[in-house]
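Here are my notebook entries from a walk through this structure. Have the model open beside you and follow along.

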Amino acid sequence: MKSETSTDIVSPEAAETAALRLEKEGLAQQVKRLIKAEGKLYAYQEELDAQLKEYKDLYALNRRFNATFDIRKVFEYSIAYIINNLEYERVIFFEQREQSDCYAVCTFDGYYDQHEKGAVAELVITQDDPLLSALQEGAECIVCSAETDSKVLGESRSRLHMNEYLIYPLCSHKPPHTLLAVGNSAANAEFYHRIGSSDGALLGIGNLVGLLVSAVENHTFYANMKRAIEQERCAEAKYRSIFENALEGIYQSTPAGRFINCNPATAFILGYDSPQQLIESVTDIESQLYVEPQRRRELFGLMRNGVDVKSFEVEFYRKDGSKMWALLSTRPTFDDNREILHVDGIIQDIGERKRAEKAVQDLNEELEQRVIARTKEFVSANLELRQVTGQLERAYGELKATQSRMLQQEKMASIGQLAAGVAHEINNPMGFIISNLNSLKKYTDKIISFTDFQSAAINTLLATAGTHQVADDVMEHKKALKLDYVLKDLDSLIQESLEGAERVKKIVQELKSFSRIDASDCKLADINEGLESTIKIVWNELKYNATVNKEYGDIPQTVCNLGQLNQVFMNILVNAAQSLENQGEISIRTSSDHDNIYVMISDTGSGIPADKLNRIFEPFYTSKEVGKGTGLGLSIAYDIVKKHNGEIQVESEVGKGTTFTLLLPIITG
Amino acid sequence: MGTAAGVGYSIHRNPAEAGKEAALKALQQAGIARPDFVFVFATVGYNQEILIRSIRAATGGAPLSGCSGEGIITQETVAETNFAVAVMVISSDELRFHNARVREIDQQAAGAGERLATAIQPFLAADSIACFMFADGLVFDFDPFLAMFEKTLQRESPLPVFGGLAADNWASKKTYQYHDDDVFCEGISCVVMSGSGAVAWGINHGCVPVGSTRTITRSTGNIIYEIDGIPALDAMKEYFDEDWKSQWNKTSLNLCLGFKTPEHIRQGYEEFVIRYMVSKNDQDGSVTIQSDVQDGTDLWIVRRDRELISGGLQAISHQIKGTTGTRRPKFILQFECVGRGKVVFREQEKMELTRSLQDEIGSEIPWIGFYSYGEIGPIANFNCFHNFTSVVTAVY
């Protein structure tokens, strides 16, 4: 107890000190709690301040949104808010391109490197891009944080130039028309609002997106409404303009006979100053306007049957009492009881038309008379025209033939000049070749005669004695030289050379005659006689395979070079005979008219192909085998006929035959 | 002409646009086309090189000094954000500005002091007024730096040094210092101001101790290992929030260390000088501050006090006006601790406090400042380092 008593005895100072210590300790603990509480308070206050500021800013932003109808301005305000208030580094707004499933960058900010800026401006994302698949599946947004290891989201980091990003659709329907992407680059992310998927991290941007969705949808609604109003205004203006400015009267009237509405044209047609005046003045259409009131009842009868009446002609009284014709088109509007509520109508003034119809009728009658008269004139003129046309056609044919002849003559003249030159050059050497061959033949005859005599003498010597050896040697030598054969062949060689030379000579003569104009032998002659004498000359060529039919007409004599004409006849007849492969006929006919003598020589031979027919009068053109013809016969004939101012024509058909027709002008001296 | 100064700012996100905008606004306010000198304070969200390049282009390549901060302060705005830049342009025929820099100051505080003193020596003259310093706030150790700096300068009375430590918005990774075209880290950007003029300044912290005296029982340089014989962190953790280990920045802003103001400067200052705990070491339980300490030194855990801060700003105003009298300052530089900004005050509150200070001193005076990781300002002729402090320097 004592000790207890002693321990219980505490000095007042010590007790006070202990109490103070206890109080101090208590206060110290309170201070610690206060400091901790103060720290928490600061933190809460900071958080609340930040939230308050954010909502204030958001409110201000919303007011700005509401103050504009320009969606671009909304995006612009949003970008400033996202960068300055929400503190994301980068922002992109995408808009769906018209008529496309692609999103293109509409506006962006936070890219300060030119290369990145250029790349982002060109950025396009398709609706089916894997990046957006989460949105298609209903996600509120796409979150790619720095830690996200999704391949799809990771691949878009380089496209967006953001290492961490959020993508929000900015409307409630799918696919969204607008997308918002916000985020940060890897280099600068630590200084910006980091991307995370927690509610706290998304709160600010989520609030903004809520406003933006409303703004975008309001804008879309407003734009659509504005467009609709504008369309309505345009349509109203268009129809009002049509109504006011139409030349036709447009009106609405009641079955009772009053106008409800009408345009100025209606008033004008009916002679009133204005639609208002018409509406007020006409209280009973049937009695005031219709000249025949029955017509209105007929009109309403049609309409009550459900017919839209078109082109209903009526006669109206105008305001001044005058009558006018009008055409009505009407459409009734019915009530539930099938009673006509009102009538929409179009009225046309056809007075002018009526007058015009009369005028047209009068004009038609006059016109018919004129047409009859003019038709007669035309028939007559047409006949004349046909005649003139015939003449012209003939003249044209003659002109064409003349041109052809002139061309042929020109060609023949050129060839003639050439032939004359060639003939002259060949003729001289041929003269001495033939002369020499004749002399050679005489000499050869003499040598043969001598060798014959010599052979006889040697035989005689052989028959006698003493000279056998020499005679044998001579004979032997003669035999070795085949002199008997040589002498025999020498004669035939010379004969063949002479014949060849004669042929050359003949060609040259023909060439000369082809080129020579020789009028000195022209005299009055009988062509039939010429033909007859020629047939006799070539009879040997004809008689074996041709039956010659002669049909000489009674033709007058004419001045001509009969010798040359005979050569023409001969050339044609020989050709005709040669064209007959086996047996055939050659017909010769002559005739004349006032101006000309006609000679026709026909054969039933092989005929001349069409492609060769136009060449047969060309010099040296021949279809015969080599050596059988010179190719000059028909060209000489052509030339001779032309020199007689005549014509030579040929018609031929392969397998049927050929007809040459000669036209020779009658010259009586 | 005298001195023409202007301040412009920008919060544009594009560094090129922001720098240009701030510089042009400053030039416009100063009414000049080409300045003699440019101060720049900006936050770290920008690409710093592009930002400074655009300011240099807009200011015609005038000499430039500055650093990154946690926010900027001008007459128009107080912006604690990752994207803000403030530019002050000065054209003067009565003041001269020469700038210098040193790099690689980490673990070489004394050497840095010697090198910087050597670098500015040629610019010092009889009319040199003050020196402005902007050092890397993550690696700067003030005491050995200042000791060698002043020793190397060998001046009879120390050149007043004002400034702040560059900040990086709590990232604690990299701060930036600016010297003309050069943007660098772990260095000091320095400006010597000379000529016909003077400086008036006010310094106030507004912190209050909580709990009783504690004693450093083990330390090395600026690292405190033990307090009252237990690891420093253990000695303080009962005041910390539950998440203090992961949220050290927040924790160290709410609580810091107070040391008795040394006798030689106590006359012109408050009872405590404040030190911010830049970093901690969970393994050995130590904390690092920005000046050296010695074992046996008493310390208090202190916390910010809004009323004291608010009242302290009025004291600053009085200090400055007491010096300048009726003379209007040509321009003002403010170095404000990051712990006195938005972490303490609500936005509106902070704006109003700053506005009241500016209105007190002069709402038309070109005013530039930044939120720093540490403040420098002389007390009673001794250059001192501060935390949780506002240092306001008026050049008049």
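I looked up B:Asp228 and found it in the loop between strand 15 (223–227) and strand 16 (230–231) of chain B. Helices (H or I, at least four residues) and strands (E, at least two) are DSSP runs, numbered from the N terminus. Phi of B:Asp228 is near 50°, a positive value in a residue other than glycine. I noted B:Asp228 as partly exposed because its relative accessibility is 38%; buried means under 20% relative accessible area, exposed over 50%, and partly exposed in between (1.4 Å probe, protein chains only).

Before going on, I wrote down that this is a predicted model, in which local features need pLDDT of at least 70 and side-chain atom pairs count only at pLDDT 80 or more, while totals for chains, interfaces and linings use all residues. Residues are numbered from 1 along each chain as its sequence is written, chains are lettered from A and ligands numbered from 1 in the order in which they are written, and side-chain values use heavy atoms, with hydrogens and water left out.

Next came B:Glu104, in the loop between strand 7 (95–102) and helix 3 (109–120) of chain B. Its phi is near 50°, again a positive value in a residue other than glycine. B:Glu104 has 55% relative accessibility, so it counts as exposed.

Then I turned to strand 3 (residues 64–68) of chain B. Five of its five residues are buried, so the strand is largely enclosed by the rest of the structure. I checked its pairings (two strands pair if DSSP finds at least two bridges between them). Strand 2 (residues 37–42) of chain B runs parallel to strand 3 of chain B, and five bridges join them. One of the partnerships links B:Ala42 with B:Ser68. Between these two strands the chain passes through helix 2 (residues 48–58) of chain B, in a right-handed β-α-β crossover. Right-handed means that, with the strands pointing away from the viewer, the path from the first strand over the helix to the second runs clockwise. Strand 10 (residues 177–179) of chain B is antiparallel to strand 3 of chain B, with three bridges, and there B:Tyr178 is the bridge partner of B:Gly66.

My next stop was B:Leu313, in helix 8 (residues 306–324) of chain B. B:Leu313 counts as buried because its relative accessibility is 6%. Leaving aside neighbours within four places in sequence, I found B:Leu313 in contact (heavy atoms within 4.5 Å) with B:Arg340, B:Leu353, B:Leu357 and B:Ser390.

Which residues line the second largest cavity? B:Leu313 is one of them, and B:Arg340, B:Leu353 and B:Leu357 are also among them. On a 1 Å grid over the protein atoms alone, a cavity is a set of points where a 1.4 Å probe fits but cannot get out, and lining residues have an atom within 4 Å of a point. This cavity holds about 90 Å³ of space; grid points are joined across faces, edges and corners, and a volume is the space filled by probe spheres set on the points. Helix 9 of chain B gives the most to its lining, four residues.

Last, I searched the whole structure and noted five cavities of 30 Å³ or more. The largest has a volume of about 120 Å³. Of the 16 residues lining it, the closest to its centre are A:Tyr251, A:Ser253, A:Ile285, A:Tyr290 and A:Leu328. Helix 11 of chain A provides the largest share of that lining, four residues.

Methods: On a 1 Å grid over the protein atoms alone, a cavity is a set of points where a 1.4 Å probe fits but cannot get out, and a pocket is an open set with protein on both sides within 12 Å along at least five of seven lines; lining residues have an atom within 4 Å of a point.
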